[in-house]
Amino acid sequence: MDDANKNNHRKKVSIITATYNSENFIEQTYNSLLQQTLTQWEWIITDDCSTDSTKNIIEQIKLKDNRVKVFYNSVNSGAAISRNKSLQYANGEFLAFIDSDDLWHESKLERQINFMGNNIDFSFTAFEIMNENLEPKNHYIDKKELRPLNYNDMLKKKATLGCSTVMIRRSTFPNLQMPLLRTGQDYATWLLILKTGTKAYLLPEVLTKYRIVSNSISRNKFKKALRQWQIYRRVEKINIFSSCYYFMHYAFKATFR
């Protein structure tokens with residue numbers, strides 16, 4: 001192993017996950033973490049009052065792996081509050097996010113840290129769309145090379161920037177918290193970061209498998225479009241004319257991505 005790889009193996013990643021009724025998938029997600037070539041990570045899970053066996057599964061995982069930390073919401077509060085609770089306990093050099101039904105390529109963490117080096121604070125990767133049974137749809141997102149994205153680029157949705165692909169240098173954003181939205185909080189977070197002048201760098205390698213779950217609220221196209229409009233107007237406080245301009249870019253990308 002060369003010196004660069006030795007140094008990367010000493011760098012710790014805090015992996016942030018919100019769970020809710022994830023009994024069918026959460027163990028597969030954990031197994032994809034177990035297979036990572038970079039082993040210096042902690043998995044910080046916050047469960048949002050699951051009513052299935054998710055709690056039992058993550059407690060069993062915690063018992064056999066001391067890198068796993070589990071927290072619970074007292075009332076069902078949504079992914080933003082769940083992720084924010086996990087973020088409060090993170091102490092790694094890097095933050096990464098993985099949804100409770102997604103999977104990573106075995107070298108995802110290591111390759112992304114190599115890519116970021118000492119100069120990139122915010123990166124994301126390409127990902128592959130899968131169905132609930134992990135059958136590929138031969139649909140790849142953010143696979144084409146892009147120049148580093150700024151705030152205006154992200155308002156236009158020049159990249160999808162999937163939550164489970166993102167990695168952030170924690171020292172640059174030590175008090176990172178997601179806006180308290182029921183959906184779309186990840187997109188609003190990327191805008192919050194980019195507004196500081198930081199840019200998002202794409203590693204155009206497919207290192208994440210994004211599972212489409214049929215009953216997921218994020219799959220409702222009308223609700224997604226409404227959420228996008230609300231982020232422009234209520235969160236970013238963009239005037240109606242500029243919001244229409246950015247929304248047209250969003251609609252085009254959503255239709256033809």
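User: Hi! Which residue forms a salt bridge with Glu 236?

Analyst: Hi there! That partner is Lys 195, and the closest N and O atoms of the two are 2.9 Å apart. Keep in mind that we're looking at a predicted model.

User: Got it. And how many salt bridges are there between domain 1 and domain 2?

Analyst: Between those two domains the count is one salt bridge. There are also six residue pairs in polar contact between domain 1 and domain 2.

User: Which elements of domain 1 give two or more residues to the side that touches domain 2?

Analyst: Those are helix H6, residues 151–155, and helix H7, residues 185–194. Sorted by class, this side of domain 1 has seven nonpolar, four polar and four charged residues.

User: Oh, where do the domains start and end, by the way?

Analyst: The domain assignment puts domain 1 at 13–217 and domain 2 at 220–256. Their centres, taken over C-alpha atoms, are 23 Å apart.

User: How many residues are in contact there, and how much area gets buried?

Analyst: On the domain 1 side 15 residues are in contact with 13 residues of domain 2. Together the two domains bury about 1200 Å², and 60% of that is on carbon and sulfur atoms. In domain 1, the residues that lose the most area to domain 2 are Leu 155, Lys 156 and Lys 157, which together make up 40% of what that side buries.

User: You mentioned H7. How many of its residues are buried?

Analyst: Nine of the ten residues in H7 are buried, so this helix is mostly covered. Among them are Tyr 187, Trp 190, Leu 191 and Ile 193. The charged Asp 186 is on that buried list too.

User: What covers them?

Analyst: The cover for the buried residues of H7 includes H4, S4, S6, H6, S8 and H8.

User: H4 is in that list. Which residues are buried in H4 itself?

Analyst: Helix H4 spans residues 79–88, and its buried residues are Ala 80, Ser 82, Arg 83, Asn 84, Ser 86 and Leu 87. Their cover includes strand S1 (13–19), strand S2 (41–47), strand S4 (94–97) and H7. You can see H4 and H7 from both sides here: H7 helps cover the buried residues of H4, and H4 helps cover those of H7.

User: Nice. Back to salt bridges: how many does the whole structure hold?

Analyst: The structure holds eleven salt bridges. One of them joins the side chains of Arg 111 and Glu 205, at 2.6 Å from N to O. This pair links distant parts of the chain, with Arg 111 in helix H5 (residues 108–116) and Glu 205 in strand S9 (residues 201–211), 94 residues apart.

User: Are Arg 111 and Glu 205 buried or exposed?

Analyst: In between! Arg 111 is partly exposed, with a relative accessible area of 33%, and Glu 205 is also partly exposed, at 29%.

User: What about Arg 169? Which residue does it pair with?

Analyst: Arg 169 meets Asp 121 in a salt bridge, 2.9 Å from N to O. Arg 169 lies in strand S8 (residues 167–169) and Asp 121 in the loop between H5 and strand S6 (122–130), so the pair ties together parts that are 48 residues apart in sequence. Arg 169 counts as buried because its relative accessibility is 8%, and the cut-off for buried is under 20%.

User: What does Asp 153 pair with?

Analyst: Asp 153 forms a salt bridge with Lys 158, where the closest N and O atoms are 3.6 Å apart. Asp 153 is buried, at 3% relative accessible area, while Lys 158 is partly exposed, at 35%.

User: And which residues are linked in a network?

Analyst: Lys 12, Glu 42 and Lys 69 are linked in a network of salt bridges.

User: New topic: what's the phi of Asn 138?

Analyst: Its phi is near 55°, a positive value in a residue other than glycine. Most residues other than glycine have a negative phi. Asn 138 lies in strand S7, residues 136–141, and is exposed, with a relative accessible area of 63%.

User: And where does Lys 237 lie?

Analyst: Lys 237 is in the loop between helix H8 (221–235) and helix H9 (240–256). Its phi is positive as well, near 60°. At 65% relative accessibility, Lys 237 counts as exposed.

Methods:
Residues are numbered from 1 along each chain as its sequence is written. This is a predicted model: local features need pLDDT of at least 70, side-chain atom pairs count only at pLDDT 80 or more; totals for chains, interfaces and linings use all residues. Side-chain values use heavy atoms; hydrogens and water are left out. A salt bridge is a side-chain nitrogen of Lys or Arg within 4 Å of a carboxyl oxygen of Asp or Glu. Helices (H or I, at least four residues) and strands (E, at least two) are DSSP runs, numbered from the N terminus. Buried means under 20% relative accessible area, exposed over 50%, partly exposed in between (1.4 Å probe, protein chains only). Domain bounds come from an automatic or database domain assignment. Contact means heavy atoms within 4.5 Å. Buried area is the accessible area (1.4 Å probe) that two parts lose on being put together, summed over both. A polar contact is a pair of N or O atoms within 3.5 Å; within protein, one must be able to donate a hydrogen and the other to accept it, and residues adjacent in sequence count only if both atoms are side-chain atoms.
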